[in-house]
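Me: I'd like to talk through some side-chain pairings in the model I'm about to share. Could you take my questions one at a time?

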Amino acid sequence: MLVKCFAAAVQGISATIITIEVNCTRGIQFLLVGLPDVAVRESHERIISALEVNGYKFPRKRIVINMAPADIRKEGSAYDLPLAIGMLAAAEQIDSSRLEHCMIMGELSLDGTVLPVKGALPIAIKAKEEGFKELVLPVQNTQEAAVVEGITIYGVHTIKDVIEFIDGKEVLSPTVIDIQEIFYERQLQFEYDFSDVKGQENVKRALEVAAAGGHNLIMIGPPGSGKSMLAKRLPSILPPFTLPESLETTKIHSVAGKIRTHTSLMTQRPFRSPHHTISNVAMVGGGTFPQPGEISLAHNGVLFLDELPEFNRNVLEVMRQPLEDRVITISRARFSVDFPAGFMLVSSMNPCPCGYYNHPERTCLCPQGAVQKYMNKISGPLLDRIDIQIEIVPVPFEKISDQTLPEKSAVVRERVIQARHIQAERFAAYPSIHCNAQMTSPLLREYALPDQRGLTLLKNAMERLNLSARAYDRILKVARTIADLDGTDSITSTHLSEAIHYRNLDKGSWGT
């Protein structure tokens with residue numbers, strides 16, 4: 001008997017329907033075709049054990065299974081469950097009438113327990129698009145898949161649950177969640193808050209400006225000055241997720257297997273902080289079967305690179321194109337995959353090898369030229385993509401011991417949200433532009449052109465501080481964001497002065 005059941009293969013952050021065709025005839029043979037990888041081929045042994053432990057017999061017949069389309073590589077153990085159900089249905093041990101409108105995914109352990117799979121959210125989205133009425137998944141993945149409306153999600157613990165459900169002997173309860181309640185309830189639950197940071201008001205202001213305009217930022221200062229502490233609190237002042245942003249980010253983490261068990265939507269912007277020993281592939285994504293890298297896992301959130309000069313130079317250079325295009329394309333001989341990479345880059349570094357260049361109290365012990373050599377570990381093209389460069393100095397004792405409670409993140413966040421709202425209205429006619437940091441040169445001339453007094457100030461500053469030509473556009477973008485925080489349409493000399501201050505670490509004026 002020939003039976004068809006359905007599963008899905010995840011490619012990039014999207015899914016493709018896989019039709020599992022099972023033909024069961026007289027004989028004793030097992031053939032599995034359709035470009036299965038080793039993990040899929042090994043499913044035979046797992047299925048035999050799972051069925052026997054749960055009181056079912058593996059069909060002793062000639063079984064031919066084709067996983068179509070046959071030119072797509074099938075990888076992983078998530079096909080165990082649909083393969084087992086397909087074989088039982090083809091051997092007429094269970095009723096096959098329900099399989100036409102039902103998609104099944106799950107890995108089997110030897111005792112028949114159904115284990116969680118990656119990519120449940122994109123699989124559910126694709127199943128709905130293709131008109132499936134039901135989706136059977138491991139119970140650990142149901143909260144994630146139930147985000148998709150218009151398809152019934154069933155969670156199962158063992159293969160016995162699935163068999164009895166398909167055969168009509170057991171009624172499973174569908175998983176239903178309140179998306180709005182989950183989404184909005186957890187948005188304001190942050191582990192870190194700006195009120196934990198004593199002093200560093202100028203750096204807090206720089207982070208506020210960066211959050212308001214989506215600007216990339218680098219902090220440079222001696223050890224113990226609070227660079228990492230401040231960076232970890234940046235997500236608490238970023239605008240909350242919109243529902244589309246949350247869905248897109250959840251899909252990426254789902255594909256990578258980063259969604260926690262019994263979790264549905266991601267409600268907070270991601271904060272990724274990879275170690276400086278990370279490889280190119282781990283940073284941008286890839287591998288034999290491409291998976292999202294750190295820049296994609298940080299999509300719609302923050303990528304924090306601590307001790308930036310310690311990263312391999314090649315790793316930093318491969319980020320240049322994603323920083324501009326907000327997407328990374330992983331190409332292979334037979335296919336290519338696009339992963340979103342719209343992240344905000346925040347980095348930190350010591351000012352020199354010993355860490356105490358420009359320290360107010362300690363003396364730098366580095367030899368002549370060492371500071372510039374250390375700075376040169378970061379290429380000009382990468383530094384060109386960092387709008388805000390801020391120096392951070394140690395907090396004096398008076399500030400540390402001050403019992404006055406600093407401003408909370410919630411207060412700062414409201415100002416950031418207002419500024420982002422202004423930008424959303426400004427760029428409503430430009431679908432690819434979401435914030436000031438993404439403005440093109442024509443948009444700069446339209447929305448960020450200062451008056452004559454401002455141009456004179458900018459000219460004098462660039463000459464006096466030896467700022468590079470590439471700093472010009474960056475200063476205007478940051479000044480536009482500062483004006484938005486003030487709620488003004490025009491860019492004044494005050495806004496430009498603050499923006500110029502955020503370029504005081506430009507290579508032309510630092511370490512010489």
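Me: Thanks for looking! With which residue does R320 form a salt bridge?

Reply: Happy to help. This is a predicted model, in which local features need pLDDT of at least 70 and side-chain atom pairs count only at pLDDT 80 or more, while totals for chains, interfaces and linings use all residues. Residues are numbered from 1 along each chain as its sequence is written, and side-chain values use heavy atoms, with hydrogens and water left out. A salt bridge here is a side-chain nitrogen of Lys or Arg within 4 Å of a carboxyl oxygen of Asp or Glu; with closest N and O atoms 2.4 Å apart, the partner of R320 is E317.

Me: Is E317 buried or exposed?

Reply: The classes go by relative accessible area: buried is under 20%, exposed is over 50%, and partly exposed is in between (1.4 Å probe, protein chains only). R320, at 27%, counts as partly exposed. E317 has 19% relative accessibility, so E317 counts as buried.

Me: Which residues are joined into one network by salt bridges that share partners?

Reply: One link is the salt bridge between R205 and E208, with closest N and O atoms 3.8 Å apart. The network made through shared partners consists of R205, E208, E407, R415 and E498.

Me: In which helix do R205 and E208 both lie?

Reply: Helices are DSSP runs (H or I, at least four residues), numbered from the N terminus. R205 is partly exposed at 24%, whereas E208 is buried at 5%. The two are 3 residues apart, about one turn of the helix, and that helix is α8 (residues 201–213).

Me: How far apart in sequence are the parts that R46 and D80 tie together?

Reply: R46 and D80 form a salt bridge, their closest N and O atoms being 2.7 Å apart. R46 lies in helix α2 and D80 in helix α3 (residues 80–90), so the pair ties together parts separated in sequence by 34 residues.

Me: What is the relative accessible area of D80?

Reply: Its partner R46 counts as buried at 15% relative accessibility. D80 is buried too, and the value for D80 is 0%.

Me: Which residues does H44 touch, not counting those up to four places away in sequence?

Reply: H44 lies in helix α2 (residues 43–53). H44 has a relative accessible area of 17%, so H44 is buried. Taking contact as heavy atoms within 4.5 Å, the residues that H44 touches are F30 and F58.

Me: Lastly, how many salt bridges does the structure hold?

Reply: We have looked at a few of them, including R320 with E317 and R46 with D80. For the structure, the count is 20.
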